[in-house]
Amino acid sequence: TQSELVARERMAALGELAATMAHEVRNPLGAIANCVSTLRRLPSQRSSPPEQELLGIMSEEVQRLDALIHGLLDFARPAQPQPRPEPLQPLVEEALSAALRSQNTGVPITVRRQVAPGLPPALVDAQQLHMALSNLFTNALQAMPVGGDLQIRIEHEQGAGASRLRLSISDTGVGMTPETQQRIFEPFFTTRAQGTGLGLPIVRRIIESHSGDVAVESAPGLGTTFTVRLPCD
Ligand code: ADP
């Protein structure tokens, strides 16, 4: 419809602006990060707790800005996916390992897998899917700050329409209220102090550009399940 078209054009213009901004902010930010890390290593600073503390804060805030800029670039640069037939489970495992490495919190996480036998390959752009899945796993791990269970299910969905692979990722984490759930795909919506609120908008954009869909089910205090459906061969 007309209003969808206007909304899409507006998003495209916004995306371009965001990409330009992100690009321009990156270089000075890198320079600041270098200065801070040099200052932290100066012999005169080592014995000076107040300065060390302030430099520590600067370094954390710079890292936060850097994450925001990266997220903004990923969000604003919607590359056209190059789908190929790819077995889904290895992609899922790689994304999970990447998320576990980046979170590296040492809390006990039990991973369970339930993968249907004889699955056809998914039709996906492996690089883009990696980003989407690692965002989902990172969120699941962050929702379980004292540990918990992570359940991965992959099934083949053969209905009247096209045949699809259904991947669900369930955590036993903090869960979400219905109000939170309604907003999670909005750019910049976050409930986390260190969050950018770009993770799920990126997930949704990637999955939808593959003609797939993503859905969420959640209960506060019980956990969350994200279900992604993707085209397959
Ligand atoms: P960020 O992780 O930077 O906050 P996201 O877009 O990835 O941004 O997520 C937005 C919000 O959705 C999070 O701040 C959190 O409130 C909620 N959320 C996402 N995944 C989960 C999950 N698995 N369990 C609980 N809450 C979640």
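**Helix packing, the sheet and the ligand shell**

Let me start with one pair of helices, H4 and H5, which lie oblique to each other. Before I go further, please keep in mind that what we are looking at is a predicted model, and that everything I say about geometry has been computed from it. The angle between H4, which covers residues 88-103, and H5 is about 50°, and their axes are 8 Å apart. An angle of about 50° is neither under 35 degrees nor in the range from 65 to 115, and it is not over 145, which is why the pair counts as oblique. As to handedness, the crossing of H4 and H5 is right-handed.

If you would like to find this contact on the screen, the H4 side includes Leu91, Val92, Ala95, Leu96, Ala98 and Ala99, and the H5 side includes Leu129, Leu133, Phe137 and Leu141. There are also residues of other kinds in the contact, among them Glu94, Ser102 and Gln103 of H4 and His130, Ser134 and Gln142 of H5. Taken by class, the contact of H4 with H5 holds 11 nonpolar, 6 polar and 1 charged residue.

Now let me step back to the whole chain, which has 7 helices and 7 strands. Their order along the sequence is α-α-α-β-α-β-β-α-β-β-α-α-β-β, and the C-alpha trace spans about 70 × 45 × 35 Å along its principal axes.

Toward the start of that pattern we have H1, residues 2-41, and H3, residues 49-76, which pack at an angle of about 155° with their axes 9 Å apart. H1 is therefore roughly antiparallel to H3. In this contact, 18 residues are nonpolar, 4 are polar and 3 are charged. The crossing of H1 and H3 is left-handed, whereas the crossing of H4 and H5, as I said, is right-handed.

Next, the sheet. In what order do the strands of the open sheet stand? The sheet has 5 strands in the order S2-S4-S5-S7-S6, and the pairing is mixed. S2 and S6 are at the edges and have a single partner strand each, so one side of each has no neighbour in the sheet. From one strand to the next, the twist averages 15°.

Walking across the sheet from the S2 edge, we find that S2, residues 109-115, pairs with S4, residues 148-157, in the parallel sense over 7 bridges, and valine 111 stands opposite leucine 150 in S4. S4 then runs antiparallel to S5, residues 164-171, with 8 bridges between them. The link from S4 to S5 is a hairpin of 6 residues, and glutamate 157 is opposite arginine 164 in S5.

At the other edge, S6, residues 213-219, and S7, residues 223-231, are antiparallel and joined by 7 bridges. Within this pair, the partner of glutamate 217 is threonine 225 in S7, and alanine 215 has threonine 227 as its bridge partner. H7 packs on the sheet, where it touches S6 and S7, and its direction makes about 140° with that of S6. The hairpin of S6 and S7 has 3 residues between the strands, and glycine 221 in that hairpin takes a positive phi near 80°.

H7 brings us back to H5, since the axes of these two helices come within 9 Å and cross at roughly 145°. H5 passes H7 in a left-handed crossing. The contact includes Leu129, Ala132, Asn135, Leu136 and Asn139 of H5, together with Gly199, Ile202, Val203, Ile206 and Ile207 of H7. By class, this contact has 8 nonpolar and 5 polar residues and no charged ones.

I will finish with the ligand. Which residues come nearest, of the 22 around the ligand? They are Asn139, Ala143, Thr190, Gly195 and Gly199. The elements that give two or more residues to this shell are H5, residues 126-142, and H7, residues 199-209. H5 gives the most, with 3 residues. In terms of class, the shell has 8 nonpolar, 12 polar and 2 charged residues. You may recognise two of the names, because Asn139 and Gly199, which are among the residues nearest the ligand, also belong to the contact of H5 with H7.

Terms used. Residues numbered from 1 in each chain as written. Predicted model: local features only at pLDDT ≥ 70, side-chain atom pairs only at ≥ 80, totals over all residues. Near = placed C-beta within 6 Å. Helix = DSSP H or I, 4+ residues; strand = E, 2+ residues; numbered from the N terminus. Nonpolar A, V, L, I, M, F, W, Y, C, P; charged D, E, K, R; others polar. Axes fitted to C-alpha atoms, helices over the stretch in contact; angles between N-to-C directions. Left-handed = near helix turned anticlockwise from the far one by under 90°. Contact = placed C-beta atoms within 7 Å. Pairing = 2+ DSSP bridges.
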